[in-house]
Amino acid sequence: MRFNEKELVCLSRQPSEMAAELGMRGPKKGDVVKRRLVKLVVNFLFYFRTDEEEPIGALLLEQCHVEREDSQTFSIAFLDEAERKYLFECDSEEQCKEWMDSIIKASYEFMRKNLIFYRTEIHRLTGKDPLEQYGISDETRFQVNSGSQLMTRDTSSL
Amino acid sequence: MKIDEKVVNYFESCNSPVDKEGYLSKKGEIKTSYQKRWFVLKGNLLFYKDRPGDRDVIGVIVLEGCTVQLCESEEQFAFSLVWSEPGLRTYKFSAEDQASQESWIKALLSASHSYLALLVTDMENKYRDTLLSHSSQLHRPFTMPNFHTSAANFVEAGVSNQTLQPSNILVARVFSKKSPKLQSKKNSNLPPVSTPALPMLEHLGLSLDPEEDFSKMHEDFGKEVKKLIADWSKRRGGDEPTPDESLIDLG
């Protein structure tokens, strides 16, 4: 599969609040825990050998399950297969929680759902569609229910 | 650098929302001729394959750090994705007609993760302001809700040495009563729509019997949203389509 590798490597160099050395274990049988520099940038989790500039790999954080394994360890599972489960060992419970939280929130789909929620709620409370001012109300990206449109409501009865 | 191809393929084929799809001609990376491909835009990822029905993706373009531009080309209705840093590439495309060109450009312009992040933050602030002004109308003291996934994760992880805050216990009980699918230990990054409503309700329901009031409010909210959605669906049938504003003035 082709992908824009150089550009993705460039993305991995962007500053990120979530970057730390963690123990990481790959999904294949026989994979062992290795110290890696793990870095979260947009919806990708990059992992580097601790002394290297270019990441070894990039994990797309969409359609994945983040699960607590024990007090300091979490896993990211893809495709509901044990096969594609990556394990991460943190230095503390707090760090573990922080990473799990950040990874879940980094997903594009998670963010989209939030947006739709806020849009719906603001409209419900005010009768106005908050995306209208940006001229993006019609974009399919932000539709509440595959194409339903938010209309400015008469709120005189409220 | 490796990329997990199975995961990427899966994301393309699963039923997560497709933001745009269609045929475009793409200038080859080695051969300079344009080749027609089927493109699928999902979030900040642009996938391409030979035909819509194909299972395997030929390639994917991660849309971060690039700009979308009209470009000079021997092909008509051309546009490009440009990474401006040295050594980084430009992808050139050509659409079938002007409408398609404009539509693709518009979709790609708003595809980045950062764009969505900014928009969500903006909406979150607006929501906060709306609730504050709303609650002052209701004459209730108001605490700003904390929109965290951690309340949900906390509960479901079932880690026994955690001290649960009362509000989290509340969350736990409601989840087990109302949302059976959340009972699994796994936390996906696809929370059900009901989740976001909870943080706010936690605070509003505190004056009365927390558990009962909380569940009832949660249900009421859910019903209201469903009703609204139903109303919009009905009304949408009778509406005149709003004219599409031309993104690019080519006149």
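In this predicted model, C10(A) has a relative accessibility of 19% and therefore counts as buried, since the limit for that class is under 20%. C64(A) is likewise assigned to the buried class, because its relative accessible area is 1%. Neither of these cysteines is bonded to another: the count of disulfides over all chains comes to 0. For C10(A), the nearest cysteine sulfur belongs to C66(B) and lies 11 Å away, and for C64(A) the nearest cysteine sulfur, that of C14(B), is also found at 11 Å. A disulfide would require the two sulfur atoms to be within 2.5 Å.

Chain A, to which both of these cysteines belong, contains 3 helices and 8 strands, and its elements follow one another from the N terminus in the order β-α-β-β-β-β-β-β-β-α-α. Of the 158 residues in this chain, 59% count as buried. Strand β2 of chain A, which covers residues 19-25, is joined by 6 bridges to strand β3 of chain A, residues 34-41, and the two run antiparallel. Within this pairing, A20(A) has V38(A) as its bridge partner. β2(A) is also joined to strand β8 of chain A, residues 85-89, through 3 bridges, and here too the strands run antiparallel; in this second pairing, G23(A) stands opposite E89(A). Pairing of this kind rests on a general feature of sheets, in which strands are held together through backbone hydrogen bonds, in either a parallel or an antiparallel sense.

Helix α2 of chain A offers a simple check of geometry. This helix comprises 14 residues, from 93 to 106, and should span 20 Å at 1.5 Å a residue; the C-alpha atoms at its ends are 20 Å apart, so the expected and computed values agree. Several residues of α2(A) are buried, among them Q95(A), C96(A), W99(A), M100(A) and I103(A). The buried residues of this helix also include D101(A) and S102(A), together with I104(A) and A106(A). When such a list is read, it helps to recall that an α-helix has 3.6 residues a turn, so residues three or four places apart point the same way.

Strands from both chains take part in an open sheet of 8 strands, whose order is β1(A)-β5(B)-β4(B)-β3(B)-β2(B)-β8(B)-β7(B)-β6(B) and whose pairing is mixed. The edges of this sheet are occupied by β1 of chain A, residues 2-3, and by β6 of chain B, residues 67-70; each has a single partner strand, so one side of each is left without a neighbour in the sheet.

At the β6(B) edge, the partner is strand β7 of chain B, residues 78-82, and the two strands pair in the antiparallel sense over 4 bridges. V68(B), which lies in strand β6 of chain B, has L81(B) in β7(B) as its bridge partner. Although β6(B) stands at an edge of the sheet, V68(B) is buried, with a relative accessible area of 15%. The C-alpha atom of V68(B) is separated by 9.8 Å from that of S110(B), a residue 42 places away along the chain.

Further into the order of the sheet, β2(B) and β3(B) pair in the antiparallel sense over 8 bridges and form a hairpin with 6 residues between the strands. E21(B) stands opposite V40(B) of β3(B) in this arrangement. β3(B) is also joined by 5 bridges to strand β4 of chain B, residues 45-49, again with an antiparallel course, and W38(B) stands opposite K49(B) of β4(B). In the hairpin of β3(B) and β4(B), 2 residues lie between the strands, and G43(B) takes a positive phi near 60°. β3(B) is mostly covered, as 7 of its 9 residues are buried.

A search of the whole structure finds 2 cavities of 30 Å³ or more, and the second largest cavity has a volume of about 40 Å³. Its lining draws on both chains, with R2(A) from chain A and K26(B), K27(B), G28(B), Q35(B), R37(B) and Y48(B) from chain B. The elements that contribute two or more residues to this lining are β2 and β3 of chain B. By class, the lining of the second largest cavity consists of 1 nonpolar, 2 polar and 4 charged residues.

How values were computed: Residues are numbered from 1 along each chain as its sequence is written. Chains are lettered from A and ligands numbered from 1 in the order in which they are written. This is a predicted model: local features need pLDDT of at least 70, side-chain atom pairs count only at pLDDT 80 or more; totals for chains, interfaces and linings use all residues. Side-chain values use heavy atoms; hydrogens and water are left out. On a 1 Å grid over the protein atoms alone, a cavity is a set of points where a 1.4 Å probe fits but cannot get out, and a pocket is an open set with protein on both sides within 12 Å along at least five of seven lines; lining residues have an atom within 4 Å of a point. Grid points are joined across faces, edges and corners, and a volume is the space filled by probe spheres set on the points. Ala, Val, Leu, Ile, Met, Phe, Trp, Tyr, Cys and Pro count as nonpolar, Asp, Glu, Lys and Arg as charged, and the others, Gly among them, as polar. The expected span of a helix is 1.5 Å times one less than its number of residues. Buried means under 20% relative accessible area, exposed over 50%, partly exposed in between (1.4 Å probe, protein chains only). Two strands pair if DSSP finds at least two bridges between them.
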